[in-house]
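Biologist: I should like a close look at a single part of this chain. Please describe how its strands are joined and what the backbone does in the loops beside them.

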Amino acid sequence: MVKRIRFILLLVLLQAVTGISVLYAQSITSASGIVKDSITGEPLAFVSVYFDGSTIGAMTDDNGAFTLQNNQGYNKLAFASLGYDTKVIDLKPGQKNDGLDIQIRPTSFEISEVVVKPKKEKYTRKDNPAVELIRKVIEHKNDNRIEAKDEYQTEVYEKLSLSLDDFNPDFEKNKFMKKFKFIRNYLDTSEFNGKPILTLSVRETLADKYYRKQPKTEKTIVKGKRMQGVDQTLDDGGGITSNLEEIFKGINIFDNNINILLNRFVSPLSSTLATSYYKYYIMDTLDIGGDKCVDLAFVPVNSQSYGFTGRLYITLDGNYALKKFLLNTPATINLNWVDKLRIEQEFERMPDSTWVVKNENTYVNFYLVKGAQQLYAHQLRNYDKYNFDVPPAEADSVFDLLGPLHTLPVAIEQPDTFWINNRHVPLKEKENALDDLLAQLRKVPAFNVIIKTAEILISGYIPTAGDKKSTKFDFGPMNTTISGNSLEGFRMRVGGMTTANLSPYWFASGYLAYGTNDRKLKYNVKLTHSFNKKLYHEGESPVNNLSFIQEYDVYTPGQDFLFTSKDNIFVAWKVGEPVTKMQYIRKSMLQYEKEWLNGLTWRSWVYNQNNQAAGTLKYIEKEADGSLVHKKDITTSEIGTQLRFAPGERSYDGRAGKESVFNLSKDAPVFKLSHQLGLKGVLGGEYNYNHTEISAEKRIWLSSFGHIDTQLKAGKVWNKVPFPLLILPNTNQSITIQPEAFHMMNALEFVTDQYVSFNATYYLKGWILNRIPGIKWLRLREVLSFNGIYGGLTDKNNPTLTPGLFMLPDGTRPLGKTPYMEASVGLENIFKILRIDYYRRLTYLNEPNIKKGGVRIALRFSF
C-alpha cells in the first residue's frame, strides 16, 4: 500500500540526523550559488560575477557555480555573459547569501540570417529552422545510436552517492549538533550547486555490458559491487539498493521515452511526440571538443507535464549526431519530492566514426518538506573499453546465460586494490573517508538510537542484537502486532524469523496470535532449507528453498489480501458489510520453490488441510433424499504446482519477496499458470478435484500520459466439490484500496466454478488537471479503475440442482450470466501521499444488503 515508503523513510532518517541553521559573518558580505539559463535551467559556465561598482569579481565554473565576498560595503551583485542580458541583484549586507539561484535571460541570436527569440510569446513550427533541425536529428537517430552496431561490449563504472545538501549547521549554538563537531572535517562541495554537502553513502558497481542486435539481447556481468555508508545497515536484504537502481536507471535519449524516477519523460528526440511536446530554439554554434555543434535549446509546451528543459549539441558535419546533451526538470513540473534534477551525457566518436556514450551524470535534490534538509544524489556512469568485435566464443558464452544480469560470486568481496586499479573515476577525498566518518558517528549514542529506530521502521523487524551482522533472530513484522475481526475481537500477534547469522542455509519463522473473543491460540511455524547460501534472510534471490509449514489460524472465505498480511493494522478498519462468515484452518504443508535468472519461478507443494466453519458460516450438506446434514469441518489433501514467468524482471531481495509492494520494479510482464489436484482418501482427504488458474499482468506506459496496470485472469474447477473448494471472487471490506480485489462486492456474495476476470487501473499523472488554470497548482493526479468478472456455476456444483453438496450460505449466490462490474474515479497526490477513490458498483444493483458505492483510501508515495 505504500510503494515508496522505504525511500521516504530514508529521507526522514537523514533529516532527523541534522539540524539546520545559518552562520552569520560579522562584517563580510558573501554570496554563492549557481547561474542558469532562464529558459532551460542549464547551469552556465564562464559567466562574469562581480560586485556592482567594484573591481571584485570572478567567473562561474563548469557547473555554473560561484563564490564571492567583500568587506568594503558592496551589496549589489552583477552577472554578465555574452548573449545574455546583464542582471543585478541586491544582497543582505554583512551576511552570507548562500544558495542563490540566478537565472539570466538569453538575448536574440542571428543564425544563418534567421533571428530566433526564445522569449517570444508566439511560437510557430512552420518554417522554423529549429524544428527542421530537430526533425533531421530524429531522422538520423537510428544511424547515430550505438545500437546500430551488430554487437558491442563495453565496461561500465557506476557510482551513486547520497549526501545531505547545503549542510551548514551551527555546531556551536545547536545543542544537538555540538556532539557532531567532527563532521566539519568531512564536508564537501556539491558538483550540482556548489553548496556544502555531507556524503553519507556511496554505492559502486563495475560491470561488462554486452549487446547483440539480432536477436536483440543485452547482458550485464557485474565484476565488482560494494557499498559504504550510514544506510548500509538499513538496506534490509538489499531492498533499498534494488529500488535505487530502479529509480536511477541509465537513460537512452534516442528512445521515445526517458525512464527515470519511476516515470516516463518524453524524450526531446521522440519519433512520435518531440515536435508537438517541445518548443525548440537555435541558440548558437559552438566548438565542443573539436566538433563544431549547433546549440539547440528546448522547453516543454506544458511546464507541469513530464518533459525536460535543456540543450542538445548537434554536430554540423551532416550526420546530425549528438555530441552532448543537458536535461533539467522545469521548476513547476508535477513531480514529488524532487527540487531539482539535471542529467548530462557526453558522446565521443570512435575511430570507425561510431558515436558512443562516454559518461553520464544525474544530479537530484530530494526533499521531504519544502525548506527543510534536502538529500543530494549524484549518479555517475562512465563507459570505457568499447569493443565492436567480441570474440565469438566469448560472445556465445555470455549470450547463452539465462537472464539479463549476472553478478559474479566474487563481486561483493572485491578488495580495495581491485577498486583502486579498476574504477574509472577516483573517489573524492570525502567519499573515501566514509569509514572514518561512520566510526566517529557510532561513538555518539544519539546517532545509534536514530539508526536503530530507522532500521525498525524500514524493515518492520526488531533485531535481538545490537549489530545486524550478529543478530540471529528478528521480531516482526511489527505492523501485524495489533488487528481485529468479528470472530476474534481484539487480536494480538507476535512473531519473528531467524537470520543467516544463525545459519545461512536453515531458517525458521512464524508467529503466535490470540483473540480476546474466541480465546484461541493460533500459530504459524515455517522451517526452510535454502540450497543457496544466504546473506541475511531466506527470500534473497535467487530462491531455491524447501519449506515445511504448520499453521492454525482464522481466515475469511473470499477475502485474500494478496499484497499485505491479513493482520496488517491498516486492513482492520472495515467499511463494507460486516464479515462474520469465517473458518478455522489447520494446515500442514511441504513446499519447494526455485527461481532462475531468466524470470522463471517454479513452486510445487503438497498439503493436508482441515477447514472448520466458524462465526455465522455453516457447512450444511444436502443429501439425495432432501435431508440436510450439518458438518463441523472438511479435510482436503492436495498436490499443486505453479509456474511464474516474468521476463526482464529485476531481482529484488527484500524480505517480502519480489511481489511485495515495496518492490518498485513493476514494468515486467508476469504470467502465471497453476494447477491443484485434490486427493480423496489420502491423509483423510474427502474430495478429488482439479483446479486450474492462469493469469497475465502488465504495466502499460503511455509515455508521459501515465500508465495502466492491467491483469487478466481465468480459472476453472473441473470436478464436483462443495462451495469452500469453488472459486470465491476476492473481495475487500477494508477502508484501504487493495489490488486485485472487488471493493463493492460483499465477502462470499458470489460463487463460481469457472471465470474470467479483468482489472485495470489508469494513473493519469495529472494529464488533465495539469492543464486547468487554478487547479493545476494543487498538483493533483487522476486515477481511474475498472474491475470485472464473468463466470458461472455449472449444474454439477449447484446445490439446488445436484445433491451431495453444501448449501450456499445466506447471501451467497452463483455468478449469473451478467458479469459483475465496478469502476472508480479518484484523486491521488493529495498532500503528496494520499489517494482517495470513489467506487461504484455497475451491476447486480438490486441485491439485498449491498452498497452501491463507497470511498476507499490508500497511502501512495510516488514521484
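Modeller: The account below follows three strands in order and then turns to individual backbone features.

The model is a predicted one. Strand 28 covers residues 506–515, and strand 29 covers residues 521–530; the two run antiparallel and are joined by 9 bridges. Within this pairing, Y514 of the first partner stands opposite L521 in strand 29. The hairpin that strand 28 and strand 29 form has 5 residues between the strands, and there R519 adopts a positive phi near 55°.

Strand 29 also pairs with strand 30, which spans residues 544–555; this second pairing is again antiparallel and comprises 8 bridges. Here H529 has L546 in strand 30 as its bridge partner. The loop between strand 29 and strand 30 contains P542, and the peptide bond that leads from S541 into P542 is cis, with omega near 0°.

A cis bond is also found from G476 to P477, where omega is near -5°. P477 belongs to the loop between strand 25 (473–475) and strand 26 (482–485).

Two further residues may be set beside R519 in the hairpin. K385, although not a glycine, has a positive phi of about 55°, and this residue is located in strand 22, residues 374–387. R779 is likewise not a glycine and has a positive phi of about 60°; R779 is placed in the loop between strand 40 (754–763) and strand 41 (781–792). R779 counts as partly exposed because its relative accessibility is 23%, a value in the range between the 20% limit for buried and the 50% limit for exposed.

Key. Residues numbered from 1 in each chain as written. Predicted model: local features only at pLDDT ≥ 70, side-chain atom pairs only at ≥ 80, totals over all residues. Heavy atoms only, no water. Pairing = 2+ DSSP bridges. Helix = DSSP H or I, 4+ residues; strand = E, 2+ residues; numbered from the N terminus. Buried < 20%, exposed > 50% of the residue type's maximum accessible area, 1.4 Å probe, protein only.
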